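Student: I've got a structure to go through, and I'd like to see how each label is earned. Can we take it step by step?

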Amino acid sequence: MASNVPARCCTVGVKHSGDAAGEYQDIDGVDTYLSYPEDRSTKHGVIILTDVIGHRFINSQLIADQFAANGYFVAMPDLFHGDPVKLNRPASFKLMTWLEGHPTERVDPVVDSVIKHMRTNSGCEKIGAVGYCFGAKYVVRFLRPEEGKADVGYIAHPGFVELDELSAITGPLSIAAAETDDIFPTSKRHQSEGILRDRRQPYQINLYSGVEHGFAIRADLTDKAKKFAKEQAFLQAAQWFDEFIK
């Protein structure tokens, strides 16, 4: 695997405060959070594939709104059919058992359907895919611009990405990695770097010190270093998309 299977660190973190500016829409039976840029343009799209906490998590919604503020039409679908994990589950929570109910056979059709809707119904000319933890796997799986999937990808602290999935990408990929991460440790990061080098696609791997798995979405914003890393990880994504989408 290019990253390890998820663990308890995928379910813990800090809930952020703020008011979401987007709206919900049913897309082919999928509850989807939409956020629009100021001019309501849908030319440049971003699909956000969330961590296990899901698309109704305020942290994810605020990030979606940030992308919208940077000129992107954002769609963030419910990957879990109404069954996300609640934040800060006790140590006894069996994440792997929960994951068995959400295999690729159930998640792939959701991602595929929303991307198709963004292109055909919303008129997106190019689409960037963002993935946090669980969602990173599906950014990698759908990074196929020649097939009309995602044109460019960005993932933060990825979870359980398979080697053959990463080896099959055909578009640019940016990765935000945490210094301390049992899911995407140094060995997996270096292995991923070798695969990306061999793919000969544009790639970027940024390593953030003083942070752990989940920092780009669930960081403690009262900690100055973690707040800085989270904000820089977002800017990494925005600048990557500005380069390859706009």
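Tutor: Sure. Start with the naming: helices and strands here are DSSP runs, at least four residues for a helix and at least two for a strand, numbered from the N terminus. On that basis His 81 falls in the loop between strand S4 (73-77) and helix H2 (95-100). Keep in mind that this is a predicted model.

Student: How many helices and strands does the protein have?

Tutor: Eight helices and eight strands.

Student: What makes the radius of gyration agree with a compact globule?

Tutor: A compact globule of 246 residues would come out near 18 Å, and the protein has 16 Å, so the two agree. The C-alpha atoms fill a box of roughly 40 × 40 × 35 Å along the principal axes. As for contacts with a separation of 6 or more, 77% of them join residues 24 or more positions apart.

Student: What share of the residues is buried, and how much surface is accessible?

Tutor: Of the 246 residues, 54% count as buried. The accessible surface is about 10400 Å², with 47% of that on carbon and sulfur atoms.

Student: How do you know whether Cys 10 and Cys 133 are bonded or too far apart?

Tutor: A disulfide needs the two sulfur atoms within 2.5 Å. The sulfur of Cys 10 has its closest cysteine sulfur in Cys 133, at 3.3 Å, so that is too far for a bond. By this rule the count of disulfides is zero.

Student: Why are those two cysteines called buried?

Tutor: Buried means under 20% relative accessible area. Cys 10 is at 0%, so it is buried, and Cys 133 is also at 0%, so it is buried too.

Student: Is Lys 137 buried or exposed, and why?

Tutor: Lys 137 has 4% relative accessibility, so it counts as buried. This lysine sits in helix H4 (residues 134-141). Beyond its neighbours within four places in sequence, Lys 137 is in contact with residues including Phe 160, Glu 162 and Glu 165.

Student: What makes Val 46 and Val 152 buried?

Tutor: Val 46 is at 0% relative accessible area, so it is buried, and Val 152, at 1%, counts as buried as well. Val 46 lies in strand S3 (residues 44-49), while Val 152 lies in strand S6 (residues 152-156).

Student: Which residues do they touch?

Tutor: Leaving out residues up to four places away in sequence, Val 46 touches Phe 67, Tyr 72, Met 118, Gly 128 and Phe 241, among others. With the same kind of exclusion, the contacts of Val 152 include Gly 128, Leu 143, Trp 240 and Phe 241.

Student: What is notable about phi in Asp 28 and His 81?

Tutor: Most residues other than glycine have a negative phi. Asp 28 has a positive phi near 50° and is not a glycine. His 81 is not a glycine either, and its phi is positive at about 55°.

Student: Why is Asp 28 called exposed, but His 81 partly exposed?

Tutor: Exposed means over 50% relative accessible area, and partly exposed runs from there down to the 20% limit for buried. Asp 28 has 61%, so it is exposed; His 81 has 41%, so it is partly exposed. Asp 28 lies in the loop between strand S1 (23-27) and strand S2 (30-35).

Definitions and conventions: Residues numbered from 1 in each chain as written. Predicted model: local features only at pLDDT ≥ 70, side-chain atom pairs only at ≥ 80, totals over all residues. Heavy atoms only, no water. Rg over C-alpha atoms; globule rule 2.2 N^0.38 Å. Buried < 20%, exposed > 50% of the residue type's maximum accessible area, 1.4 Å probe, protein only. Contact = heavy atoms within 4.5 Å. Areas by Shrake-Rupley, 256 points an atom, 1.4 Å probe, with all protein chains shown as cover.
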